[in-house]
Amino acid sequence: MLCADSRGSLWRSAWDPTVIPTAKSSKRRKQELSNWTHKQVHSDRVTAVSEAHELIVTGSYDRTLRLWDRKSLKQVALFTCQAPVLCLEVNPVCPGMGVCGDSLGNVYFLSWTSFPIDG
């Protein structure tokens with residue numbers, strides 16, 4: 001599961017959709033919440049998060065769109081827009097393509113390939 005915040009952090013956690021929390025499972029719930037990890041990925045609020053195969057794509061008010069390796073959370077690519085990024089969508093059929101829009105009304109059609117990650 002992925003989410004982001006207004007401080008520029010990306011949060012992730014393993015999520016099991018078969019687990020249904022109950023009132024009696026508050027201790028377990030606290031343990032589940034402690035499984036979240038986060039990383040500062042932008043200098044301003046994150047406005048969009050999407051997954052693209054082995055990548056995570058984020059957009060932000062800092063005017064950047066960034067690609068991250070899903071496993072290591074290392075940044076593998078950066079694209080700068082003319083204004084804050086407001087929306088982002090990765091092509092579900094071809095995860096190496098995406099589109100984003102900024103607050104000036106610009107629309108950017110992007111494509112990327114796999115990136116080697118240095119261990």
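1. Let's start with one residue. Threonine 58 has 0% relative accessibility, so it counts as buried, the cut-off for that being under 20%. Keep in mind that this is a predicted model, so everything below describes a prediction.

2. Where does threonine 58 sit? It lies in strand S5. Its side chain has two polar contacts worth finding on your screen: one with the side chain of histidine 42, at 2.7 Å, and another with the side chain of tryptophan 68, at 3.0 Å.

3. Now look at the company around threonine 58. Setting aside residues up to four places away in sequence, threonine 58 touches Leu10, His42, Val46, Ala48, Val49, Thr64, Leu65, Arg66, Trp68 and Leu88. Histidine 42 and tryptophan 68, the polar partners from point 2, are both in that list.

4. Zoom out from threonine 58 to the sheet around S5. Four strands make an open sheet in the order S4-S5-S6-S7, and the pairing is antiparallel. Strand S4 (46-52) and strand S7 (75-80) are at the edges with a single partner strand each, so each has one side without a neighbour in the sheet. On average, neighbouring strands here are turned by 15° against each other, ignoring direction.

5. Within that sheet, S4 and strand S5 (residues 55-60) run antiparallel and are joined by six bridges. If you want a pair to click on, try valine 46, whose bridge partner in S5 is serine 60. A general reminder: strands of a sheet pair through backbone hydrogen bonds, either parallel or antiparallel.

6. Which residues touch the most other members of the largest nonpolar core? They are Val57, Leu65, Leu67, Cys100 and Trp112, and the core has 16 residues. The elements giving two or more residues to this core are S4, S5, strand S6 (64-69), S7, strand S8 (85-90) and strand S10 (107-111). S8 supplies the largest share, three residues.

7. Valine 57 is a good place to see that core from the inside. Not counting neighbours within four places in sequence, valine 57 is in contact with Ala48, Val49, Ser50, Ala52, Leu65, Arg66, Leu67, Leu88, Val90 and Trp112. There is also a second, separate core of six residues, and its members include Leu10, Val41, Ile56 and Leu73.

8. There's another open sheet to look at, made of three strands in the order S1-S2-S3 with antiparallel pairing. Strand S1 (2-4) and strand S3 (37-40) are the edge strands; each has a single partner strand, so one side of each has no neighbour in the sheet. Neighbouring strands in this sheet are turned by 20° against each other on average, again ignoring direction.

9. In the three-strand sheet, strand S2 (residues 9-12) pairs with S3 in the antiparallel sense over four bridges. Arginine 12 is a handy marker, standing opposite threonine 37 in S3.

10. Finally, follow the chain to S9 and S10. These two strands form a hairpin with four residues between them, and glycine 105 in the turn has a positive phi of about 90°. Strand S9 (residues 97-102) pairs with S10 in the antiparallel sense over five bridges, and valine 99 stands opposite phenylalanine 109 in S10.

11. One last thing about S10: which of its side chains are buried? The side chains alternate along the strand, with Tyr108 and Leu110 pointing to one face and buried, while Val107, Phe109 and Ser111 point to the other face and are not buried. Try colouring those two groups separately and the pattern should be easy to follow.

Technical notes. Residues are numbered from 1 along each chain as its sequence is written. This is a predicted model: local features need pLDDT of at least 70, side-chain atom pairs count only at pLDDT 80 or more; totals for chains, interfaces and linings use all residues. Side-chain values use heavy atoms; hydrogens and water are left out. Two strands pair if DSSP finds at least two bridges between them. Axes are lines fitted to C-alpha atoms, for helices over the stretch in contact, and angles run from 0 to 180 degrees between N-to-C directions. Buried means under 20% relative accessible area, exposed over 50%, partly exposed in between (1.4 Å probe, protein chains only). A polar contact is a pair of N or O atoms within 3.5 Å; within protein, one must be able to donate a hydrogen and the other to accept it, and residues adjacent in sequence count only if both atoms are side-chain atoms. Contact means heavy atoms within 4.5 Å. A nonpolar core is a set of buried Ala, Val, Leu, Ile, Met, Phe, Trp, Tyr and Cys residues joined through side-chain atoms within 4.5 Å.
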